[in-house]
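Hi,

Here is the structure I said I would pass on. Have a look at it first, and then read on for what turned up.

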Amino acid sequence: MQWWSVKRLAVAVVGMLLGLAVAPGAAQGEPTAPIEVRVWQDVGDELDIYVSARPAAGSWGTLGTIPLALDDGISSSGQYRYGDISLDVPLLNRATPATVEVRVWQDVRGSERIYVSARPAGGSWSTLGTIRLLLDDGVSSSGVFRFGDISLDVPLPAEEVGTLAGYAGDWGFADGRGTEARFGRQYERSFGDLKVDVAPDGSVIVADPANTAVRRVAPDGTVTTVAGRHRGFLPAPVDVAVDAEGSIYVASRGDGLIRKFSSDGRVTRVIAGGGPETPAFEPPPPSTAEEAYFWNIKGIALGPQGDLYVIEQEQIRRLSSSGWVTTIAGGSGLGHVDGPGAQAQFHRLQDIAVDDDGNVYVIDLTYVLGRGAVPAIRKVDTDGVVSTLYRGEHPAFGGALAGATGLTLSDDGEVLISNTGRHQIVRLTADGTLQGIAGSGEDGYLDGPRDATALSLPGSLALLPGGGLVVADQSGSLLRVIAPDADGSALPEIALAAGKSVPLLEGVQVSAYIRNLSFYPGSMALDESGHVVVSDPQFSAVRRVSPDGAVATLAGANGTGFRDGAGDEAQFDGPGGLAIAPDGSIYVADYGNDSIREIAADGSVTTVLFPEGFEIPRPGALAIDGNGNLLVAQLFPGRLVRLSPSGEASVLLDGGLQFIHGIAVSDDGDAYLTARRHERAVIVRVTPDGGISTVFQGAREEHGGIFTLDVEGIAVAGDGTLYVVDSGYGRVVRISPDGSVAIVVEQEAFSRVRNEVADAILLAPDGSLLVSTIDAIWKITLPDE
């Protein structure tokens, strides 16, 4: 394609009149962007000229309409005056604009005659030549101005971070070139995200587990399918590795096999896996490749001697080139233990890389009680000794590394990491410091300079010949390329992306409402007399706690079972959610019995009947709305049912959520639910007429989200403020009506013991909060604001 092409009804070459040369387009094959330029002229004052520009099919309002005085010079013949203007036209998904220099000429003898020249910044005016612009493409709505348009293909400079193939945020399965190709499947994480490696010819080999395929991406961005998805059966390929001859090793989590394909994908054989299952958390004994059993393969990488290293959840194994499988580290249990490989422990291995000396590097998400999954970079040296190179704090508590999922090594041995939750690629220095190398830290899609480009949940990494870096980005929907430094040296450091801090409320007071309970309080409800009614799933009972600390059993505590009758005879099986009706009746979600039970004022227990055929399996949280309707949240798959006082049942929400743990009803009748959706904590509002909206959905926990997946109780104040308990972090969070978020208390406010996990929550009449933990109920007094 020529650098500049003009698409217009007529092109008049008038260079001889203006004393200019006209030349055809220049370089071929450069990326270009179509830019449209509009020239306006006042029909009443033909000396009054304006210019607009936009990307093709964009908005003319992008730059607005700019006045242009034709006073920059005249032609050598003296017949034409001209004015110059440089326009930086913003482009979709590029940080660097397309710069167009436009020259507008006017015939001094006939001012209605307009000509235009254009060039790339610093280029030659002769590239396009000079064109007669008839100004006959339209007039302004006022009729004061007429205009004419031209369209130009503007050459684009290579960006430090560019797109190789795929389309941001559009998942699927399609081969093709560049943006024609599609990868992955949105929210499909059952078998993992895209994994990449690089072949000797510079093409990128992609494991696309959601599409059960292995793909090849040529250097020009052309995507083809090598194996699977209509080229044979390939169950959930979770990772690939490519050797010096171009052979492709594919690990499948679907059947636990490792296959080897020729470079064209036409020859395949199973090289390992399929042996008898071995006990969990016991290092499997050495075996031949055919006898080996692989469980939950997470990644593979080739070593310098041709050995293939395999990571499962908590162990690293080696398949030697002679066909012998051994465990080199881990396998004795979950944890974070350094030392000799047999004693070392891992928790959740994510990715693997091997250097030229045979040292193995892995990402391990290690669990810290009360803090969740903390990413660590660990190394297994050639003697089999495990060490930790980096382990920070959890990203929700200030840690710099957030849910890292991709790892590779530079030619200089640098450890390069996808800091997934921070939307950035980082480098781990020899002294254990993290440095940013690509990505501004803003979640988005933007090609451009390394410090301005926007990534979104970058994942797998692989090094290209010449030092470039390929990144699986945009939640696995496309591949990006980070260009190497021009002189071949390490990429200069950029600012390290930081997480968004959440303020901690000041002036909050926490005191014990009651401590040292002999049971684990589950759900709570407040009766009219100020007593706290508590479910006791441990002893299958429902109890009442008085303000003075006295505890009484209302029903149950007679062993696990299913029996109606007097309170001291009734039986439950794992009672959970509670709600108190206006008449004082207590409704209990009897989870183990898949039923709703009612405790009357006299203590007798009955089973609530739903219409015939209307089953309530796995009932969870309960609430009573302003009309006396009983709202029942089913824990899984996530359904909200309404039962009227007359016994009519209806479904307000069916599907789309998982594990609905909490429910609270506002004064206007809206129900607020705490649940999970797409591996994120979510708060959803359901109106009485069945309208559904998302109030809050944050980042995933390992990416530094404000919540873990274990969002539990919820309370709503009269002004719509929400108070939410997260038992994973042991914290209470406030979400204001304007959407702002603040932490009310952290776990340490309840106890120095990390397992003092907050669970249920109530809003008391005096505006304080009551929160249950393992053996206590706490009172939280909020500051006056």
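A quick definition before anything else: rings of Phe, Tyr and Trp (its six-membered ring) count as a pair if their centres lie within 6.5 Å, and planes over 60 degrees apart make the pair edge-to-face. Please also keep in mind that this is a predicted model.

By that rule, there are eight aromatic pairs. One of them brings together Tyr50 and Phe145, edge-to-face, with 5.5 Å from centre to centre and 90° between the planes. That pair links distant parts of the chain, since Tyr50 belongs to strand β2 (residues 49–55) and Phe145 to strand β10 (residues 145–155), 95 residues apart.

On the overall layout: the protein is split into domain 1 (35–151), domain 2 (161–482) and domain 3 (518–718). If you compare the C-alpha centres of domain 1 and domain 3, they are 67 Å apart.

Now the sheets. One open sheet has four strands in the order β31-β32-β33-β34, paired antiparallel. Its edges are β31 (406–409) and β34 (434–438); each has a single partner strand, so one side of each has no neighbour in the sheet. From one strand to the next, the twist averages 30°. Within this sheet, β31 and strand β32 (residues 415–419) run antiparallel and are joined by four bridges. You can pick out Gly406 there, opposite Ser418 in β32.

Another open sheet, again of four strands, goes β39-β40-β41-β42 with antiparallel pairing. Here β39 (524–526) and β42 (551–556) are at the edges with a single partner strand each, so one side of each is left without a neighbour in the sheet. Direction ignored, neighbouring strands are turned by 25° against each other on average. Five bridges hold the antiparallel pairing of strand β41 (residues 541–545) with β42, and Val545 has Val551 in β42 as its bridge partner.

Strand β30 (residues 385–391) is worth a look too. Strand β29 (residues 372–380) pairs with β30 in the antiparallel sense over five bridges, with Ala376 opposite Arg391 in β30. The two make a hairpin with four residues between them, and Gly384 in the turn has a positive phi of about 85°. β30 also pairs with strand β26 (residues 339–340), antiparallel and over two bridges; Gly339 has Val386 in β30 as its bridge partner.

Last, the cavities. How many cavities of 30 Å³ or more does a search of the whole structure find? The search gives two. The largest has a volume of about 50 Å³. Its lining is made up of Asp625, Leu631, Arg642, Leu652, Gly669, Ala671, Val686, Thr687 and Pro688. By class, that lining has five nonpolar, two polar and two charged residues.

The second largest cavity holds about 30 Å³ of space. Around it you will find Ala681, Phe696, Gly698, Ala699, Gly705, Ile706 and Phe707. Its lining has five nonpolar and two polar residues, and no charged ones.

That's everything from me for now.

Cheers

Methods. Residues are numbered from 1 along each chain as its sequence is written. This is a predicted model: local features need pLDDT of at least 70, side-chain atom pairs count only at pLDDT 80 or more; totals for chains, interfaces and linings use all residues. Side-chain values use heavy atoms; hydrogens and water are left out. On a 1 Å grid over the protein atoms alone, a cavity is a set of points where a 1.4 Å probe fits but cannot get out, and a pocket is an open set with protein on both sides within 12 Å along at least five of seven lines; lining residues have an atom within 4 Å of a point. Grid points are joined across faces, edges and corners, and a volume is the space filled by probe spheres set on the points. Ala, Val, Leu, Ile, Met, Phe, Trp, Tyr, Cys and Pro count as nonpolar, Asp, Glu, Lys and Arg as charged, and the others, Gly among them, as polar. Domain bounds come from an automatic or database domain assignment. Two strands pair if DSSP finds at least two bridges between them. Axes are lines fitted to C-alpha atoms, for helices over the stretch in contact, and angles run from 0 to 180 degrees between N-to-C directions. Rings of Phe, Tyr and Trp (its six-membered ring) pair if their centres lie within 6.5 Å; planes under 30 degrees apart count as stacked, over 60 as edge-to-face and the rest as tilted.
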